[in-house]
Amino acid sequence: MKAFTIPLTFVVVSLLAACSSQAPTEPQELKPQTTELSVVKTVDVLPYMLSGEISFKDNGYQIQPCNSSIQYWLELPAPMLAQLNQMRADGNGPFYAELFGELQPTPTKGNSSAYVARFLVSDLNQIAPETGNKCQTTNTALRAFGNEPNWSLAIAKGQVTQTSINNKKTTSNVNDSNISPTQRRYQFEKNDLTLNKQTCQDTMSGALYAWNAEFNTKDKTLHGCATLANQDNAQQYVATYQSQPDASGLTTQLELQPDHTATTRYIYKNGDPSLIETGYWQQANGQQLHVVMTQHQGEAVVSQRLFTIRGFQLHADSEQINNQIYPIGINGLSLDRMQSAVTMVEGENSKTQGALPTLTPAAINASTQFDAKVDKAMRNYFAINRTDPSGNRYIWLKYDLNGDGNDELLAMMNWCGSGGCTMLIFENQNNEWRFNSRITCVRDPITVANYQHNGWRDLVVPVSGGGAKAAQKTLEYTGVSYPNNASMAPDFSTDNGASLSSVVLFADQTPAIKGVKM
């Protein structure tokens, strides 16, 4: 029995049936091979590198990630712990560290219980006495180096850069390499570099490194240490993700931070205070993100979700709360990567909106002609959703919806029923169209409004059929996308100062079935 209510198992209502009286022609998604929470209660996480400053307090070690104020409790392998204790006994500290491992919840009691999570260390890249702010340096190259005499090599992108004692740099290509978990060998010019997986200590600084190095030149052999590039590949997923409002007006927002902390907000349209959860995130495999909430409104909880990565969208079907598995509604939870930062916290400007100058009248017709750039964007959408585009048809047009001077792509699909068709919208980013919105129950023509939400023009669409009452509906941009069902959007109103422009999209009402065939 739960001690408090968590709004995690809300129902996401599927409204496609309300738009169509026939089976949808939209292709079904091919499910990737991923871990399921209903199958296992522990998640195999890809070890990743966490960089930051190590300090000693609460009778243990903590790491504060670079550019973060958060601290994680460290659990170190016994040999590494002994070496770190010796470095501290020698008068060194605090330390800069690059450690491989994964985050796990802390126990409810003990020295680590007050921390967000504990970082279980599986290996090190380096632990060095802090001299200067090493967090400000991102080393994207493998480095090998030694003393007496001083020598240094950096290897990146198939090239070796050698730095001499007088700081002169020479560059050459890597001719051959052989890499295994315990050894790395590189050949260039008449030299070769061999790294062996064995802890190495710098004789001058006392720093620890994961690899020892042997550098063979034509006339001598040099010895030293080596460290790998300090890169965390999961950083590509750092962003804010947000759901479409469900039938009750609930929006879920997830923030993934560079220090691997995570915040989930449940935002209510009726003005009730948001519920907030905090925790951490990490990459489970090449297709999933593991998100764990450890605090709900300040109370301890362990809630896990495995999100499958679908291009710019995250999707989870179930969650585990305190060792119990729960489904997330009917269709699961889908979160879209936000295109721009939009604050949705009480007490702040939760939505930017307002009237806009009227537009020059225009009737923009749909095209049924093949265009290579349009076709590329369409096929990318199908690829992201792991579906076969064969046999689908679409009509399309271009129009600048967000006022940045670049046209968005609007495509009306032949996924139609009595309530209308499905429209896809692609945002123009750096002259490339990236999928943004999927809207069902759309009829044409579509009128552009003289009003905006979050920087995007409102779209006014007629709705009828499929059980929906005939009305003019306003599609308002949420900061992530337009709503996914036109029939559930609010009726168009002039109460807030909105008005219709004289710009009409899909003005000729060409049926999508006559469009480009994929």
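Biologist: In this predicted model, what is the relative accessible area of Gln509, and how should I read that value?

Modeller: A residue counts as buried under 20% relative accessible area and as exposed over 50%, with partly exposed in between; Gln509 has 44%, so it is partly exposed. Gln509 sits in the loop that runs between β34 (500–505) and β35 (516–517), and although it is not a glycine, its phi is positive, at about 55°.

Biologist: Which class of accessibility does Lys157 fall into, and where is Lys157 found?

Modeller: Because the exposed class begins over 50%, Lys157 counts as exposed with its 88% relative accessibility. Lys157 belongs to the loop between β7 and β8 (159–163), and its phi, near 55°, is a positive value in a residue other than glycine.

Biologist: Which peptide bond leading to Pro149 or Pro445 is cis, and what is its omega?

Modeller: The bond from Glu148 to Pro149 is cis, with omega near 0°, and Pro149 lies in the loop between β6 (142–146) and β7 (151–156). The bond from Asp444 to Pro445 is also cis, with omega near 5°, and Pro445 is placed in the loop between β30 (432–442) and β31 (446–453).

Biologist: How is empty space found, and which residues lie nearest the centre of the second largest pocket?

Modeller: Empty space shows up when a probe the size of a water molecule is rolled over the atoms. The second largest pocket, with a volume of about 470 Å³, is lined by 22 residues, and Pro47, Phe100, Leu228, Gln231 and Asn233 lie nearest its centre. By class, this lining has 13 nonpolar, five polar and four charged residues, and β5 gives the largest share, three residues.

Key:
Residues are numbered from 1 along each chain as its sequence is written. This is a predicted model: local features need pLDDT of at least 70, side-chain atom pairs count only at pLDDT 80 or more; totals for chains, interfaces and linings use all residues. Side-chain values use heavy atoms; hydrogens and water are left out. On a 1 Å grid over the protein atoms alone, a cavity is a set of points where a 1.4 Å probe fits but cannot get out, and a pocket is an open set with protein on both sides within 12 Å along at least five of seven lines; lining residues have an atom within 4 Å of a point. Grid points are joined across faces, edges and corners, and a volume is the space filled by probe spheres set on the points. Helices (H or I, at least four residues) and strands (E, at least two) are DSSP runs, numbered from the N terminus. Ala, Val, Leu, Ile, Met, Phe, Trp, Tyr, Cys and Pro count as nonpolar, Asp, Glu, Lys and Arg as charged, and the others, Gly among them, as polar. Buried means under 20% relative accessible area, exposed over 50%, partly exposed in between (1.4 Å probe, protein chains only).
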